[in-house]
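Please look through the structure shown here, which is discussed below in terms of its sheet, the helices packed around that sheet, its nonpolar cores and its charged pairs.

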Amino acid sequence: MKPFAYARPGSAAQAVRDVAAEPQAVFLAGGTNLVDHLKLGVAQPELVVDVRRLTSRDITDLEDGGLRLGAASTNSEVAADRRVRERYPVLAQALLAGATGQLRNLATTGGNPLQRTRCVYFQDVTTPCNKRQPGSGCSAVGGYTRYHAVLGTAAALPDPTAPETCIATHPSDMAVALAALDAQVQVLGRDGARTVPFVDLHRLPGDDPSRDTVLEHGELITAIDLPPLAPGARSAYRKVRDRASYAFALVSVAAVVDPDGVRIALGGVAHKPWRASRAEEVLHGGPLTEDAVRHAMDVELTAAQPQPGVDGGNGFKIPLVSRTVVATLRDLEASS
């Protein structure tokens, strides 16, 4: 592990200034992802700024009927909160599916959506990786691709030497649920506070795979707001993984059904939590029959690009995600 300076400022504003002033500075809260990367040599900051006690740990009711999750609230606290379980079961289910109790006790609301990919090549500093070292290439292309993206990639056979190539997936279960809930992210930066719609927080690789989000260097998440759901709304999270114990998703689905329509977000299939907007449009105003949902997912997955690999590739994800969405919506319809 590379030596680094450590700071514990007295306010969130000071923490923002400290990180913004040092290009190689990072925030530390729960640290469940950052500490791993420090040990592996993936992260090599000059300065680590501790913000664990600088943002709220409270879960508070908003005037419009929604909830505000303080950035320092833990995944365990959010998953156990009665209001979350009753009004936003999709979020509680996603958190409980995401990690062991020990990790949930440390992981925070502000940090969980910002965790970095678990791509094995990203975590192996001996291999080229555009996300870790821009311009070095992508070792995942043609390699072990079982956990890699089928949506949001540039081509079915991307050039592994191109500086923009990255087929990594985002690992957060919580983030998939927040995308389906149309959550809002409260952010503090050098220029003050701003609100970022959660669906816009994360990026596709574009021309810079090293950037996971639209946040500027030094911007700090202070809270995440959950909007009120319409009366009668139902939601659920379903995760498909290689083993029954805790593992990252091959495919996951967060769905919210209310009188206005259906919202669907997918995990394990793209560089960011994937909002299935095409499928939502097809399903809008119609019955959620299995045939209708299958058709909507066929439309959504038209642009999917399965990746070949030494492990047989990840083409299995395309029918798997469709079946998982069908099963999730079928169960929600049965519970209405």
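Contact here means that heavy atoms lie within 4.5 Å, and the angles quoted for helices and strands run from 0 to 180 degrees between N-to-C directions. The model is a predicted one, and everything said below should be read with that in mind.

A convenient place to begin is the open sheet, in which four strands follow one another in the order β9-β10-β11-β12 with antiparallel pairing. The edges are taken by β9 (234-240) and β12 (274-275), and because each has a single partner strand, one side of each is left without a neighbour in the sheet. Strand β9 pairs with β10, residues 251-258, in the antiparallel sense over seven bridges, and within this part of the sheet R238 stands opposite V253 in β10. Although β9 is an edge strand, five of its seven residues are buried, so β9 is largely enclosed by the rest of the structure.

Which helices lie across these strands? Helix α5, made of residues 89-98, lies across β9 and β10 and runs at about 20 degrees to β9. Helix α10, residues 317-334, lies across β9, β10 and β11 (261-267), and its direction makes an angle of about 35 degrees with β10.

Helix α9, residues 290-300, shows how one helix can present two sides to its surroundings. Its buried residues are V293, A296, M297 and E300, and, seen down the axis of α9, these fall within an arc of 95 degrees, so they line one face of the helix. An α-helix has 3.6 residues a turn, so residues three or four places apart point the same way. On the other side of α9, D291 and D298 are exposed. The cover over the buried residues of α9 includes β11, β12, α8 (277-283) and α10.

In soluble globular proteins, nonpolar side chains tend to be buried together. Here the largest nonpolar core has 36 residues, and those with the most contacts inside it are L91, L178, V185, F198 and L226. Several elements each supply at least two residues of this core, among them β5 (67-70), α3 (75-80), α5, β6 (184-189), β8 (220-226) and β10, while α7 gives the most, with seven residues. The surroundings of L226 give a closer view: leaving aside neighbours within four places in sequence, L226 is in contact with G66, L67, L69, Y88, L91, L178, L181 and A183. Apart from this core lies another, of 29 residues, which includes L288, L301, L320 and V326.

The charged side chains remain to be considered. Side chains of opposite charge can pair when their charged atoms come close, and the structure holds 22 salt bridges. One of them joins R194 to E219, with the closest N and O atoms 2.8 Å apart; this pair links distant parts of the chain, since R194 is in strand β7 (residues 192-197) and E219 in the loop between β7 and β8, 25 residues apart. The two partners fall in separate classes of accessibility, as R194 counts as partly exposed at 33% relative accessibility, whereas E219 is buried, with a relative accessible area of 13%.

How is E290 paired with R294 and with R330? The side chains of R294 and E290 meet in a salt bridge at 3.1 Å, N to O, and because R294 and E290 are four residues apart in helix α9, about one helical turn separates them. R294 is partly exposed at 38% relative accessibility, and E290 is likewise partly exposed, at 31%. E290 also forms a salt bridge with R330, the closest N and O atoms being 3.5 Å apart; R330 lies in helix α10 and E290 in helix α9, so this pair ties together parts that are 40 residues apart in sequence. R330 is itself partly exposed, with a relative accessible area of 40%. Elsewhere, salt bridges that share partners join D182, D258, R263, R275 and E280 into one network.

Definitions and conventions:
Residues are numbered from 1 along each chain as its sequence is written. This is a predicted model: local features need pLDDT of at least 70, side-chain atom pairs count only at pLDDT 80 or more; totals for chains, interfaces and linings use all residues. Side-chain values use heavy atoms; hydrogens and water are left out. Two strands pair if DSSP finds at least two bridges between them. Buried means under 20% relative accessible area, exposed over 50%, partly exposed in between (1.4 Å probe, protein chains only). The arc is that of the directions from the helix axis to the C-beta atoms. A nonpolar core is a set of buried Ala, Val, Leu, Ile, Met, Phe, Trp, Tyr and Cys residues joined through side-chain atoms within 4.5 Å. A salt bridge is a side-chain nitrogen of Lys or Arg within 4 Å of a carboxyl oxygen of Asp or Glu.
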